[in-house]
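Please open the model in a viewer and set the display to a cartoon representation. The tour below proceeds by selection, with a note on what is found at each stop.

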Amino acid sequence: MGSSSRLRIPILVFGLLLCFIILVPCCFSDNPNKSDNGDENNQNKNNVKEIVDEGQFIEVKSAPEDVVWVVQLSDLHFSVHHPERAQDFKSIVGPTLSMINPSLVLMTGDLTDGKSKDLLTTKQDKEEWIEYQNIMEDVVRRSGLNKSIFHDLRGNHDNFGVSSFGGPSDFFSRYSLNGQLGRNGPVDSIIIQTGERKLLFAGIDTTSSSGLRGPTNFFGHPTDELLSQLSSALRKWDSQSAEPITKISFGHFPLSFSAASSSGNTLEDVFLLHSLSAYICGHLHTKFGKNLKRRHESIHPLYPHKMIQFNANTIPSDNRKDCSDGLTSVEEFWEWEMGDWRKSRAMRILAIDRGHISFIDIDYKLGAKNTIILPTFPLDSRFMAASYHKHNCDSMDLSLYETIRVLVFSASPIVSVVARIYDSRPGYLLEVVETSLRKLESTSSRGDLYCAPWNFKAFEDPSPERYLLQIEAIDNLGRSTLSELRPFSINGLHAKLSWSWKEFILMGCHWAALYFPIFWSFYFLVLSTILVPKILLFFSRRHYSYKHYIANRGFVNCLAWIFTELYNIPILWGCLVAYLFYLILCPWLFGQVFTDGKERGYMTYKGWVLKPSKNGNLEFLGFPDIMVVVLPHLFFVVLPAIVVIGGLAAERGRYRDYLLSLSGKKKEENQSEIRGYAPSSDGRHNRSQFLSSERWTRNILLVVSLAICWVHFKSCRVLMKAYEMNPIIHFPLYSLLIPLMLAYTIYKTGNI
């Protein structure tokens, strides 16, 4: 996942910071490489144009009509320490692109890794960028595609330690495809023109203009200027064209890890305002889940503050109406994170068939594929937009429904394509339809589209998951390829798309909005827990002890006893209170955040500060990226340490009362011996056993203390390497205070 290496935690948020923003007209040089794929690829090249101030213009004239497909790759992470990533990319991607022949190739960030072998130091590596440049030149050559249809953009790994765009360590500007082709603006606009409609692709670079070193470089930081340019690009053709427009945006950061601008505006606001169909991105790798997808709506009463969403589809399909019930218009768009090339070797093909979007994510871990199948109709009911069914409720275009449509890409000639529809209602998959598909023939074709008529009305059903479609393609060598089973709904209802707990944390929570509520809730809860009982016990006339708790069991009496024991060590209590105030009033770290220069900054819970601004105010960088340091420290070090300190103090009081009770019994035994009574040997044995086992609670707490210190020292080691710090000089309070408080507690509670 992005930049957090060993400090990773599935909790992250909010941000700021300006990046360079002047939309520079894209200038493309002609590609001298000749195509090996025949006239259709040359046709593709001849219709790539540049329109000043409007971005790239690609005209698609050849068949299949009104069908366009593009390829997305993300999180390549080319690394000098892992050469196999680039080698696999070189051997697989070029030939695969030649087979697919897309109209556009999008690479959505993290092109290089920018990490040391131990994953603790982050900075740009020129060798990795030269390798990326060479690999991409080879991929373009082997694919036979026009170089200008390749678009790449920055990810957070491509921005580690880059103090400014165009600076000495900004290798993206020199070695990336966009950099070489002069696409230097934060918004990269591409228009694909078919015979029936326009397809608008808007790429966005939301990396911070001041790229901090990791791990505090994890969020996208769109500025107001970027949002303004994006808004202009998305509405550019609304009034200039009578043709329908399908709008798609691509970037690196998911919206859950994108901060708001300084004025509080977000990418989601812009996307909803301009009727975006889909936003495709990377950043979150496949190991965190394969359902990192989310549907956004403009109106939803359950999530008024956009902080949290509990399911990918927003509203359960049971609560949705179909077209006959009269749907009201709701602005919406899908967000589809695609996974990574780094370990998963993932590639996505996105098809737009008559304005409706389908996609397939392909896993190349086992090598190249001979055949790829992408059904474009009927749409997958898990990922279709509600507008698919409600666009024209009164006059529905039946041509959208009348045929099953499938794109088939193959390295060998295809001899048979068969569609099968299964009914899942019986509790097993019952095949109800099997039909052969025919390829649409054309004198000039960019790819193979197979179609077959079907009786779509027979599959109207209130359940969006009842019917499933599967396609089988057989090539001339007899090799069979099956597509995945896809649910579909003629009624326009959404199938359920469930999130695992990790997927919910990553996609369902808007961490930019949640960081401060989480931080301040934690802070005031812990501070009040330590201070309020002190005040109450000061005015209370009762003496709370272990004996009192045993005699009057209850949660309140238990807490009163624990805090009484804690307050009996006044130095320790004072250190805890002082440490909590230190967390909000003082710098945590003094570190080197950029690769260029030796200037150090300091980090607080609000972000990094390098130097005061011209008006004397502090300018915080890396907010809310610093939460990858702040929240783990609070929840995995500070909170457990406070609990253990309270537990050790309480155990001390309990053991003290036990020893006092033994002392009282000893007196009674002595008096009994004087009177001639002999003490019971069994009683002495039982007391001896009880005494030997009485401090097991303390031993357990000591082990937990060691675990807390181990976690803390590992975190400190990461920060030392990441920001070139000495724990004694650059962050003594952060690194030493918690271990010292635990050591002092262990010492004080060991003496009765």
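The stops that follow cover a sheet, one loop residue and a series of salt bridges in a predicted model.

**The sheet**

Begin by selecting the 5 strands that form an open sheet, ordered S5-S4-S3-S12-S13 with mixed pairing. At its edges are strand S5 (150-153) and strand S13 (356-363), each of which pairs on one side only. From one strand to the next, the twist averages 20°. Strands of a sheet pair through backbone hydrogen bonds, in either a parallel or an antiparallel sense.

Next, restrict the view to S4 and S5, which pair in the parallel sense over 4 bridges. Within this pair, Met 107 stands opposite Asp 152 in S5.

**The helices across the sheet**

Add helix H2 (residues 83-100), which lies across strand S3 (67-73), S4, S5 and strand S12 (346-353). The helix runs at about 175° to S3. Then add H3, which lies across S4 and S5 and runs at about 155° to S5.

**The loop before H3**

Select Asp 125, in the loop between strand S4 (104-108) and helix H3 (126-143). What does the side chain of Asp 125 reach? Its partner is the backbone nitrogen of Glu 127, at 2.9 Å. Leaving aside residues up to four places away in sequence, Asp 125 touches Val 80 and Phe 171. For Asp 125 and Lys 115, 10 residues apart along the chain, the separation between C-alpha atoms is 8.2 Å. Asp 125 counts as partly exposed, because its relative accessibility is 26%, between the limits of 20% and 50%.

**The salt bridges**

Side chains of opposite charge can pair when their charged atoms come close. The model contains 30 salt bridges, and the remaining stops show some of them.

Select Glu 724 and Arg 213, which form a salt bridge whose closest N and O atoms are 3.0 Å apart. Which parts of the chain does this pair link? Glu 724 is in the loop between helix H16 (696-723) and helix H17 (732-750), whereas Arg 213 is in the loop between strand S7 (198-204) and helix H6 (224-235). These distant parts of the chain place the two residues 511 residues apart. Glu 724 is partly exposed, with a relative accessible area of 36%, whereas Arg 213 is buried at 2%.

Continue to Glu 565 and Arg 656, another salt-bridged pair, with the closest N and O atoms 3.1 Å apart. Glu 565 lies in helix H12 (residues 555-567) and Arg 656 in helix H14 (residues 627-674), so the pair ties together parts that are 91 residues apart in sequence. Is Glu 565 buried or exposed? Glu 565 is buried, because its relative accessible area of 2% falls under 20%. Arg 656 has a relative accessible area of 27% and is partly exposed.

Now select Asp 475 and Arg 479, whose side chains meet in a salt bridge at 2.8 Å, N to O. Asp 475 counts as buried at 2% relative accessibility, while Arg 479 is partly exposed, with a relative accessible area of 31%.

For the final stop, select Asp 380, Arg 382, Glu 484 and Arg 486 together: a network of salt bridges links these residues.

Key:
Residues numbered from 1 in each chain as written. Predicted model: local features only at pLDDT ≥ 70, side-chain atom pairs only at ≥ 80, totals over all residues. Heavy atoms only, no water. Buried < 20%, exposed > 50% of the residue type's maximum accessible area, 1.4 Å probe, protein only. Contact = heavy atoms within 4.5 Å. Polar contact = N/O pair within 3.5 Å; in protein donor to acceptor, adjacent residues only side chain to side chain. Pairing = 2+ DSSP bridges. Axes fitted to C-alpha atoms, helices over the stretch in contact; angles between N-to-C directions. Salt bridge = Lys/Arg side-chain N within 4 Å of Asp/Glu carboxyl O.
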